[in-house]
Amino acid sequence: MSQTDTSTIQALSTEVSKLRQELQLRDQLVQQLSQELFRLVKGNTNFIPQPEVSERHQNELQALREQLQAVEQQVAFYQEQIASRDTEIYQLRQSVQELSDRSRMLEQVVQELPQIYRRKFEERMAPIREKVAMLQRENRQLQAELQSVSYRLALKTRTTSHSGVDLPNFPRTASEESDISTVQNA
């Protein structure tokens, strides 16, 4: 709940209580006035209006009726205001409740976000790790082949550089072999 909402609710509560107090005060005044009028009319048995006094009393009574009607209108107005404020307060409380619920839900989501991000990251990293592992295996295989080829090339280079020129080997006949052995013996 924000501080603005709290201050608005407090201001509305204060105004509603003030209006209720004013309404109670006016109700008391109307009650007292009606009791006083009733006491005056009922308690005075010799109250027989004289024609000139009667007209004056009728004017006063009419003025009192108009005042009473004005007070009743004010009371009705204040009751409408109180009802509308009560409705507004109820709506604000519902809004506060909804916002509190939403805030709790968002807090829960925020608390769960790291786990969700880790899981999503792991899901995205799995194919990449597999590809890296495959590339590393392929790299090791290619390095082994390269090492084998380098070793064979080194052997071939060494044997060709030491022997000089490759001479062809011709098939020997029996007479040539005996000539070679005589030359070696001599």
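In which helix is R85 found? R85 is found in helix α2.

## Basis of the report

This is a predicted model, in which local features need pLDDT of at least 70 and side-chain atom pairs count only at pLDDT 80 or more, while totals for chains, interfaces and linings use all residues. Residues are numbered from 1 along each chain as its sequence is written, and side-chain values use heavy atoms, with hydrogens and water left out.

Helices are DSSP runs of H or I with at least four residues, numbered from the N terminus. A salt bridge is a side-chain nitrogen of Lys or Arg within 4 Å of a carboxyl oxygen of Asp or Glu. Side chains of opposite charge can pair when their charged atoms come close. The structure holds 5 salt bridges, and three pairs are described below, beginning with E15 and R85.

## The pair E15 and R85

A salt bridge joins the side chains of E15 and R85, at 2.6 Å from N to O. This pair links distant parts of the chain, since E15 belongs to helix α1 (residues 3–43) and R85 to helix α2 (residues 51–163), 70 residues apart.

Accessibility is described in three classes: buried means under 20% relative accessible area, exposed means over 50%, and partly exposed lies in between (1.4 Å probe, protein chains only). R85 counts as buried because its relative accessibility is 17%. E15, at 33%, is partly exposed. Contact means heavy atoms within 4.5 Å. When neighbours within four places in sequence are left aside, R85 is in contact with L12, E15 and V16.

## The pair D86 and R20

The side chains of D86 and R20 form another salt bridge, with an N to O distance of 3.2 Å. D86 lies in helix α2 and R20 in helix α1, so this pair ties together parts that are 66 residues apart in sequence.

D86 is partly exposed, its relative accessible area being 31%. R20 is also classed as partly exposed, at 39% relative accessibility.

## The pair D101 and R104

Which helix holds both D101 and R104? Both residues lie in helix α2, 3 residues apart, which is about one turn of the helix. Their side chains meet in a salt bridge of 2.8 Å, N to O.

D101 has a relative accessibility of 35% and therefore counts as partly exposed. R104, with a relative accessible area of 49%, is partly exposed.

Technical notes: Helix = DSSP H or I, 4+ residues; strand = E, 2+ residues; numbered from the N terminus.
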